[in-house]
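Let's take a walk around this one, starting at the surface and then looking at how charged side chains pair up. Keep the viewer open as you read.

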Amino acid sequence: SIKCNTGWVVEGYKEVIKELMMSEKILIDNEPVKLRTKATTLFKHLNDKTINYELEFEYANNMLNYVV
């Protein structure tokens, strides 16, 4: 599995996270992945207006584990 952080992003970035979580097809380095994170809190109105989201992915195919 892969854990990804968005880094410190502005409050409006929650729309991008929402779209990513509803996507049917997600690619990381041109490899298909499944989102393992089932839910995340979409923050708003924080004092400093920056948020760090963490998402977890796993590769969708087993081809990566085989040596040809």
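**A greasy patch, then the charges**

Start with Val-10, Tyr-13 and Val-16: together they make a nonpolar patch on the surface, with about 250 Å² of accessible area between them. Bear in mind that you're looking at a predicted model. Of these residues, Val-16 is found in helix H1. Its relative accessible area is 42%, so Val-16 counts as partly exposed, because that label covers whatever falls between the buried cut-off of under 20% and the exposed cut-off of over 50%.

Stay on helix H1 for a moment and switch to the charges. How many salt bridges does a search of the whole structure find? The count comes to four. One of them sits right here, where the side chains of Lys-18 and Glu-15 meet, 3.6 Å from N to O. Why are these two separated by about one helical turn? Because they are three residues apart in helix H1, which covers residues 14-22. Neither partner is tucked away under the buried cut-off of 20%: Lys-18 is partly exposed at 34% relative accessibility, and Glu-15 is partly exposed at 37%.

Now move over to the strands. Here the side chains of Lys-34 and Glu-58 meet in a salt bridge, again given as 3.6 Å from N to O. This pair links distant parts of the chain, with Lys-34 in strand S4 (residues 31-35) and Glu-58 in strand S6 (residues 54-59), 24 residues apart. On the accessibility side, Lys-34 is partly exposed, with a relative accessible area of 46%. Glu-58 is partly exposed too, with a value of 28%.

Glu-58 has another partner to look for. Arg-36 forms a salt bridge with Glu-58, and their closest N and O atoms are 3.7 Å apart. Where does Arg-36 lie? You'll find Arg-36 in the loop between S4 and strand S5 (50-51), while Glu-58 is in strand S6, so this pair ties together parts that are 22 residues apart in sequence. Arg-36 is partly exposed as well, at 41% relative accessibility.

Put those contacts together and a bigger picture appears. Which residues end up in one network? Salt bridges with shared partners join Lys-34, Arg-36, Glu-56 and Glu-58. Glu-58 is a handy place to center your view, as it pairs with Lys-34 and also with Arg-36.

Note on methods: Residues numbered from 1 in each chain as written. Predicted model: local features only at pLDDT ≥ 70, side-chain atom pairs only at ≥ 80, totals over all residues. Heavy atoms only, no water. Helix = DSSP H or I, 4+ residues; strand = E, 2+ residues; numbered from the N terminus. Buried < 20%, exposed > 50% of the residue type's maximum accessible area, 1.4 Å probe, protein only. Patch = residues over 30% accessible without salt bridge, like charges linked within 9 Å, V, L, I, M, F, W, Y side chains within 5 Å. Areas by Shrake-Rupley, 256 points an atom, 1.4 Å probe, with all protein chains shown as cover.
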